[in-house]
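Me: Hey, I've got a structure open and could use some help reading it. Can we go through it together?

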Amino acid sequence: MALRNIIKLPDPRLRLVSAPVQAVDDDLRRLVEDMFETMYDAPGIGLAAIQVGVPQRVVTLDLAKKDEPKDPRVFVNPEVLWRSDENATHEEGCLSIPEYYEEVERPAKVKVRHLDLDGKVQEIEAEGLLATCLQHEIDHLNGVLFIDYLSKLKRSMVIKRFTKAAKREAEEA
Ligand code: NI
C-alpha cells in the first residue's frame with residue numbers, strides 16, 4: 001500500500017471525465033488499497049480515483065463514526081439509476097478543496113448500480129449521508145465539484161482563494 005498525493009483545486013485534472021474501469025484485476029485492487037490508505041490518512045470519508053490523479057471510475061467511502069469499526073466500501077463504475085424528487089441539504093466538504101464547507105441541496109435518495117471488487121454487479125438504495133456522499137463522489141467521476149452547486153459569486157471566490165494558495169505553494173517549492 002502507498003499513500004498517494006491528493007490533487008487540489010484548481011488542478012485541471014479535477015475537471016476530467018473519468019473512464020470506466022475495464023477489468024477488476026490486481027491493478028485495480030492495488031489502486032483501491034492506496035485510495036483507502038490515502039483517504040484514512042487525510043482523513044476523509046470519501047475519495048474518487050481522479051483525486052489521486054487516476055481518471056478511472058472508482059470511488060471509496062467509509063462513513064463509520066470515530067467510535068465505530070471501519071466500514072470500507074468500494075464502488076467501481078457507479079451509475080445513478082434513480083434519484084428521488086425529494087431533496088435534502090447537507091454540509092459538504094472535499095479533500096480536493098480542503099477546509100471549505102458549504103451546504104448543498106441534492107436528491108435525498110438515490111439508487112446506484114456498481115461493480116464490487118469481485119467484478120459482480122451490485123445495486124444499492126441510499127439515503128442520508130450515504131446518498132450525499134455517493135452523489136458527491138460520482139460527480140467527481142464526471143468532473144463536477146460540489147462548489148458547482150453554489151452561487152457564481154461563492155464559487156469564483158473559492159476558486160480564487162485556492163488558485164492564490166497554489167501559486168504561493170509553487171513559489172515556495
Ligand atoms: Ni470531493
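Reply: Sure, we'll look at a metal site, then one residue, then a cavity. This is a predicted model, where local features need pLDDT of at least 70, side-chain atom pairs count only at pLDDT 80 or more, and totals for chains, interfaces and linings use all residues. Residues are numbered from 1 along each chain as its sequence is written, and side-chain values use heavy atoms, with hydrogens and water left out.

Me: Cool. Which residues coordinate the nickel ion?

Reply: Cys94 (SG), His136 (NE2) and His140 (NE2), at 2.1 to 2.3 Å. Donors are N, O and S atoms within 2.8 Å of the metal (3.2 Å for Na, K and Ca); water is not among the atoms, so sites may look incomplete.

Me: And how far apart are His136 and His140 in helix H2?

Reply: About one helical turn, because they're 4 residues apart there. Helices are DSSP runs of H or I with at least four residues, strands are E runs of at least two, and both are numbered from the N terminus.

Me: Are those two histidines buried or exposed?

Reply: Both His136 and His140 are buried. That means under 20% relative accessible area, with exposed over 50% and partly exposed in between (1.4 Å probe, protein chains only).

Me: New topic: where's Gln135?

Reply: Gln135 sits in helix H2, residues 128–141. Its relative accessible area is 7%, so Gln135 counts as buried.

Me: What does Gln135 touch?

Reply: Leaving out residues up to four places away in sequence, Gln135 touches Arg106, Pro107 and Val110. Contact means heavy atoms within 4.5 Å.
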